Amino acid sequence: MEIKAITEQKSLLAQLSPGKRTRLRRLLFEFGPGSGTLLFLPIDQGIEHGPRDFFPNPASKDPEYQFRFAAEAGYSAIACEIGLASKYYPDYAGQVPLILKLNGKTDVPPANAPISPCNASVEDAVRLGADAVGYTSYVGSPRQEEDFVQLRGVRQDCDRFGMPLIIWAYPRGEAIDKRGGRDSFYAVDYGARIAMEMGADVVKLNMPKFSDKDKDSPAPYNEMDVSQEEAIRHCVESAGRALVVLSGGSKVDDEQLLAQTRMILEAGGSGVIYGRNVWQREWNAGLEIVEQIKEIMLSSVRRMP
Amino acid sequence: MEIKAITEQKSLLAQLSPGKRTRLRRLLFEFGPGSGTLLFLPIDQGIEHGPRDFFPNPASKDPEYQFRFAAEAGYSAIACEIGLASKYYPDYAGQVPLILKLNGKTDVPPANAPISPCNASVEDAVRLGADAVGYTSYVGSPRQEEDFVQLRGVRQDCDRFGMPLIIWAYPRGEAIDKRGGRDSFYAVDYGARIAMEMGADVVKLNMPKFSDKDKDSPAPYNEMDVSQEEAIRHCVESAGRALVVLSGGSKVDDEQLLAQTRMILEAGGSGVIYGRNVWQREWNAGLEIVEQIKEIMLSSVRRMP
Amino acid sequence: MEIKAITEQKSLLAQLSPGKRTRLRRLLFEFGPGSGTLLFLPIDQGIEHGPRDFFPNPASKDPEYQFRFAAEAGYSAIACEIGLASKYYPDYAGQVPLILKLNGKTDVPPANAPISPCNASVEDAVRLGADAVGYTSYVGSPRQEEDFVQLRGVRQDCDRFGMPLIIWAYPRGEAIDKRGGRDSFYAVDYGARIAMEMGADVVKLNMPKFSDKDKDSPAPYNEMDVSQEEAIRHCVESAGRALVVLSGGSKVDDEQLLAQTRMILEAGGSGVIYGRNVWQREWNAGLEIVEQIKEIMLSSVRRMP
Amino acid sequence: MEIKAITEQKSLLAQLSPGKRTRLRRLLFEFGPGSGTLLFLPIDQGIEHGPRDFFPNPASKDPEYQFRFAAEAGYSAIACEIGLASKYYPDYAGQVPLILKLNGKTDVPPANAPISPCNASVEDAVRLGADAVGYTSYVGSPRQEEDFVQLRGVRQDCDRFGMPLIIWAYPRGEAIDKRGGRDSFYAVDYGARIAMEMGADVVKLNMPKFSDKDKDSPAPYNEMDVSQEEAIRHCVESAGRALVVLSGGSKVDDEQLLAQTRMILEAGGSGVIYGRNVWQREWNAGLEIVEQIKEIMLSSVRRMP
Amino acid sequence: MEIKAITEQKSLLAQLSPGKRTRLRRLLFEFGPGSGTLLFLPIDQGIEHGPRDFFPNPASKDPEYQFRFAAEAGYSAIACEIGLASKYYPDYAGQVPLILKLNGKTDVPPANAPISPCNASVEDAVRLGADAVGYTSYVGSPRQEEDFVQLRGVRQDCDRFGMPLIIWAYPRGEAIDKRGGRDSFYAVDYGARIAMEMGADVVKLNMPKFSDKDKDSPAPYNEMDVSQEEAIRHCVESAGRALVVLSGGSKVDDEQLLAQTRMILEAGGSGVIYGRNVWQREWNAGLEIVEQIKEIMLSSVRRMP
């Protein structure tokens with residue numbers, strides 16, 4: 001594992017207020033793989049997709065499952081919304097850090113102009129002992145004005161309470177579709193920068209992907225020829241001093257999952273956020289894959305916060 | 001009557017704040033059938049449908065009728081909106097608990113993008129001595145963003161005042177209609193999870209039903225072959241540590257009503273909410289059927305809160 | 001004049017807070033015909049229709065006319081909006097009670113989705129020494145959600161200040177038109193219930209009327225065969241413990257006006273609100289007809305508040 | 001100059017709070033022509049039309065021009081928006097009263113549903129030492145609900161601070177166009193009444209005009225045969241105890257300007273608001289015409305406030 | 001360098017509050033070229049356009065680049081949004097003044113009715129030690145009402161905290177396109193006046209340009225025949241006592257850049273805001289061109305603040 005000089009380590013967190021630094025260091029160094037990496041377990045699928053994501057592993061329908069798993073497997077934090085945080089987190093308080101996801105929406109209404117409304121506040125997060133809050137921003141949505149205004153309130157409360165702000169930067173909406181789509185390098189890169197500009201301490205991105213639609217992206221993206229790892233590195237740079245975690249999305253096979261994890265860390269990402277890829281497995285299989293993920297992470301880290 | 005171990009009983013209410021636990025236990029153990037069950041009398045039809053629901057039993061037009069009935073028949077609580085709570089509840093204060101329903105709407109304007117606006121606050125409920133508040137969430141409505149924001153305020157006030165939150169989880173809107181409809185297993189199951197994720201302590205659902213339109217539901221619902229009782233059990237599980245009550249809807253015959261009550265309790269539901277099925281009857285007939293319902297409930301309870 | 005037992009009298013006002021009872025009793029017993037009846041003079045036509053209503057009696061264009069008339073003729077109260085209340089009421093303070101009408105709109109823009117915006121607050125009413133506030137709710141309008149939210153604020157302020165709330169319940173909008181129209185028995189009856197459910201202490205209704213369009217009303221209204229007096233009685237019952245006053249609308253002949261007054265009181269209404277029918281007359285003619293109206297009211301009262 | 005009895009003089013201002021009376025008397029008696037008249041200089045054209053209005057007299061582009069002119073020529077007050085009031089008024093503080101115009105808009109976007117958003121508050125006016133605030137209400141606009149709500153806030157702050165409220169009552173929007181148009185007698189008369197009903201202390205109207213479209217106005221306006229002076233007198237009556245000032249609009253010739261001034265005052269108007277008609281002239285020509293206007297005003301006054 | 005008399009210098013800042021004057025003088029005299037000029041470095045392209053603007057000079061993707069450059073090259077201030085200000089400005093605190101840009105938007109959604117939502121507050125700027133705030137107003141946009149209301153809040157906070165307000169006055173929207181376009185003399189001139197009327201202390205404009213579409217501008221713009229320098233002078237006059245800075249837009253060649261700088265200053269502009277024109281160059285080339293710009297500015301200044 002490559003270790004950066006202490007001065008370099010200092011740079012990314014140096015500007016953070018004491019409250020933010022205290023909480024973020026807990027995620028980076030005291031829980032999860034440690035050494036400045038982040039391994040998050042998201043359990044917001046019940047809002048975003050409904051219970052259907054739980055059928056492949058019926059035991060996973062009980063939120064208790066994910067909380068116990070996050071604690072036992074040694075995650076950096078578990079990310080969930082207010083209902084789960086209120087009714088399931090108390091039993092695990094202190095055993096695994098909590099990221100209170102502040103907004104969310106169902107996938108039922110049309111998604112051409114999405115916005116994710118807040119169902120909880122930073123103050124709720126403080127009250128519950130959370131170490132960070134999460135906010136989903138639909139970058140490029142026709143309703144981005146409302147989104148930015150809502151996000152401003154969250155960001156200001158984070159500054160007030162010293163609470164780290166993690167932005168789920170999700171390019172969305174008709175105009176994004178016309179410029180290469182939500183997962184295009186252009187869109188993900190723009191999302192990374194926007195999140196940092198809006199005050200994120202950590203940015204959560206989906207993996208940039210390549211397709212024929214990339215030719216519709218603005219220059220120079222429409223003519224760039226880069227590997228996925230290079231694209232990730234660009235996105236990490238666009239996020240500047242904000243840390244970047246990438247997500248796995250729907251379930252992939254083990255080899256791909258581990259290879260992707262290594263690539264993310266080597267491209268400068270600070271970690272991964274793996275949900276269905278892990279908890280749609282049987283309990284012990286889940287523990288095993290997490291163990292492998294953590295080893296890969298620690299051996300591939302390229303950027304210390 | 002099956003009695004669960006004290007430790008199991010503790011689990012569902014254990015995470016609640018003292019205020020919520022005090023009030024909710026009143027409904028579960030001190031009033032109504034007791035033993036951790038819930039039997040609610042709703043009298044919000046005057047808003048939702050207008051006076052037309054009262055013509056089958058003209059005496060029922062006077063709200064006094066339902067209040068006296070709820071007290072005499074021994075309900076766990078009566079649920080109504082601010083006008084009735086202000087002008088009729090005072091005479092029954094302490095004799096039957098009050099659930100102040102905070103929002104409501106007429107059925108006059110088009111229902112393609114419904115939202116139910118709040119006409120009262122949690123503070124109103126505290127002032128009136130209510131033991132819970134009720135909130136109708138139109139899950140999946142195109143206006144769900146506004147709904148979630150409004151619900152956030154209610155939920156936060158409930159946390160502040162220690163007031164139990166009962167969410168009427170009603171899937172609605174065009175997009176729900178295209179996915180199997182408001183009473184489909186898919187929709188009711190999603191609604192149950194959303195209510196819990198948003199912070200409900202009790203979830204009120206309509207009975208899941210099966211129809212040809214189920215094939216339009218997302219996988220795996222479009223191909224599942226389950227009984228109604230199994231479907232209810234799934235919904236109860238989706239609501240997690242939130243308790244579930246199911247409603248009867250329009251008037252059905254006695255046998256069906258009792259059979260349904262038994263099925264609900266055996267599937268893990270914590271109770272029922274019966275309005276027109278009861279107060280559209282003559283007074284004594286109403287008292288009799290409630291007596292039978294309570295017996296069935298106590299003999300069928302499968303899940304202690 | 002039929003006098004009810006003291007216990008019956010007590011029932012309708014019994015649940016009101018001291019402030020509401022103090023003020024409402026002033027209207028019911030100290031001013032106007034007395035004996036628990038209500039005779040209101042509305043002077044909000046300048047907003048709702050513009051000055052054109054004043055041309056039949058040019059003297060009536062000066063608001064001074066209606067204020068002096070209400071005081072001299074002995075009305076229970078005069079109802080007007082903030083401008084008149086600020087500039088004309090002070091000279092009559094203590095001589096005739098004031099109902100501050102809190103919202104209003106012109107009849108200029110299209111009326112398919114009406115809402116009546118508040119131009120004054122309950123606190124304004126307190127400051128001006130008013131004994132009640134008036135609020136127009138367009139029941140069934142596509143914008144009823146905004147209406148209910150606005151009304152909630154007014155109702156809560158009324159509770160806070162002990163100020164009686166009079167709701168002008170006006171069914172309106174496209175959906176009402178398709179169900180029999182704004183003056184149909186169905187619509188007026190629904191309006192009466194909604195007003196009570198929303199917390200009205202007094203409900204102002206327009207006279208229910210019958211037409212061919214009644215067959216478009218929901219059951220059982222589409223097939224009911226009742227007299228106008230029976231319809232009014234139903235509406236009074238739907239308003240429960242809220243008192244009901246009915247309005248005369250545009251000018252009718254004397255006999256009809258008096259007959260209608262008698263019918264309203266005998267059907268359980270608590271009073272009438274007569275504007276143009278009175279102040280579009282010459283001064284002395286106005287005083288004379290009011291004298292007759294008051295006699296009829298006192299001789300026909302059927303329901304003591 | 002006709003002088004009214006002291007009792008009559010008292011009537012119009014008698015109901016005003018001490019703060020309003022103090023400030024309004026300054027405009028009526030201490031500055032301008034005096035004797036209870038009002039001569040206002042508006043310099044809001046830079047917002048409403050852009051700099052193009054200043055080209056006929058290039059010197060007028062510098063706001064200093066209008067401020068110095070208002071002070072030297074002896075106006076009752078100068079009316080402008082926050083930017084000019086902040087940067088140019090301080091040099092003339094105490095030399096000419098300030099009316100802070102609180103809202104304004106460009107003429108660029110389509111005007112079918114206008115609303116004029118507030119860019120300053122009554123508190124700004126207090127801070128700047130203004131003696132009145134101005135508010136433009138687009139009477140009859142499809143967005144009048146928002147307008148009334150915004151105006152309510154302004155009116156309440158005026159009551160709180162004792163600040164006179166001048167409403168620019170401008171009938172506007174598609175529905176007004178269909179009823180005779182913005183300058184029709186019907187529209188101006190309705191506007192006058194609305195302004196008074198909403199709490200104006202002074203109403204600013206445009207001159208009512210006659211056209212073929214008057215036949216589209218509601219009865220009795222569609223068939224009335226009145227002179228312009230009679231029409232103005234009607235509008236003054238509709239404004240009740242609120243004072244009325246009329247504007248000149250775009251530049252007309254001297255004779256017409258003076259004749260119009262005389263007519264306005266003789267019809268009961270309290271004054272005029274002349275902008276481009278004056279400051280589009282060369283400096284000395286401006287001073288001269290103002291002198292003539294003031295003479296005419298003082299010799300024609302018919303109604304003392 | 002032409003030096004104006006002290007009295008003239010005093011005029012433009014004389015009406016400013018002590019807080020505004022303190023901060024603005026820092027930009028005008030203590031940093032940058034000095035002598036009352038303004039040279040701003042904007043780094044908001046990451047929000048407005050995304051990372052694509054950084055590819056011509058990859059080093060510029062790291063915000064550290066622009067901050068260090070602004071400090072080393074000796075700018076009057078650097079303008080950026082909250083994320084950069086929070087994470088990068090602290091290292092340069094006191095070395096180069098900060099303009100906190102309060103609003104911004106991506107260029108992804110359609111721009112026919114733009115509004116730029118605030119992602120930070122004036123209080124954020126105070127907390128960060130900024131010497132001014134920036135606000136983008138899309139003059140003429142169909143959503144200008146919302147814009148003006150938002151701007152009012154910013155302007156009032158600036159007055160409260162003594163914070164200079166810089167308005168980016170950008171004519172935009174369909175109606176502007178129909179009147180000659182966003183860069184037409186008409187549009188830029190209107191924008192300059194609006195910014196001043198809304199309370200700007202400094203106005204940022206784009207260069208007015210001429211095209212065939214000018215004939216669609218309102219009179220007299222549609223027939224005016226002026227040079228670009230004269231047009232700028234008009235715009236500077238329209239901004240009155242607000243100072244004017246002009247921007248360079250996309251990268252142009254050196255000669256043009258310097259000529260344009262001279263023209264702006266000679267036309268009365270107080271300075272320039274050059275972003276991509278400078279930081280898309282290699283480091284030393286950037287420093288050199290800034291040196292030349294500053295010399296030109298100091299030798300061409302025509303108007304002292």
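**View 1. Where chain A meets chain B.** In this predicted model, 37 residues of chain A are in contact with 39 residues of chain B, contact meaning heavy atoms within 4.5 Å. Put together, the two chains bury about 3,100 Å², and 57% of that sits on carbon and sulfur atoms. Buried area here is the accessible area (1.4 Å probe) that two parts lose on being put together, summed over both. On the chain A side, Lys61(A), Lys87(A) and Val108(A) supply 23% of the area buried against chain B, more than any other three residues.

A word on the ground rules: residues count from 1 along each chain as its sequence is written, while chains are lettered from A and ligands numbered from 1 in the order in which they are written. Because the model is predicted, local features need pLDDT of at least 70 and side-chain atom pairs count only at pLDDT 80 or more, though totals for chains, interfaces and linings use all residues, and side-chain values use heavy atoms, with hydrogens and water left out.

**View 2. Charged and polar pairs between chain A and chain B.** Seven salt bridges are counted here, each a side-chain nitrogen of Lys or Arg within 4 Å of a carboxyl oxygen of Asp or Glu. Among the salt bridges of this model is Arg241(B) with Asp91(A), whose closest N and O atoms are 3.8 Å apart. There are also 25 residue pairs in polar contact between these chains, both residues at pLDDT 80 or more. A polar contact is a pair of N or O atoms within 3.5 Å; within protein, one must be able to donate a hydrogen and the other to accept it, and residues adjacent in sequence count only if both atoms are side-chain atoms.

**View 3. The neighbouring pairing, chain E with chain A.** Here 37 residues of chain E touch 39 residues of chain A. Lys61(E), Lys87(E) and Val108(E) lose the most area to chain A, together 23% of what the chain E side buries. The rule finds seven salt bridges across this interface. Lys61(E) pairs up with Asp189(A) in a salt bridge, the closest N and O atoms being 3.7 Å apart. Helix 3 (45-48), helix 4 (63-73), helix 5 (82-87) and helix 6 (122-128) of chain E are the elements that give two or more residues to the side touching chain A. Helix 5 of chain E brings the largest share, five residues. Helices are DSSP runs (H or I, at least four residues), numbered from the N terminus.

**View 4. Around the rotation axis.** Turn chain A by 72°, with 0.0 Å of shift along the axis, and it lands on chain B with an RMSD of 0.0 Å. That's the relation of a five-fold axis. Copies are superposed by least squares on the C-alpha atoms of residues with pLDDT of at least 70 in both. In chain A, Glu146(A) comes closest to the axis, at 10 Å (C-alpha).

**View 5. Chains that don't touch.** No contact joins chain A and chain D, and their closest C-alpha atoms lie 19 Å apart. Chain B and chain D don't touch either, with nearest C-alpha atoms 19 Å apart.

**View 6. Tyr75(E) in the core.** The largest nonpolar core has 432 residues, and Tyr75(A), Tyr75(B), Tyr75(C) and Tyr75(E) touch the most other members. Such a core is a set of buried Ala, Val, Leu, Ile, Met, Phe, Trp, Tyr and Cys residues joined through side-chain atoms within 4.5 Å, buried meaning under 20% relative accessible area (1.4 Å probe, protein chains only). Leaving out residues up to four places away in sequence, Tyr75(E) touches residues including Phe31(E), Leu41(E), Pro97(E) and Tyr274(E).

Definitions and conventions
Buried < 20%, exposed > 50% of the residue type's maximum accessible area, 1.4 Å probe, protein only.
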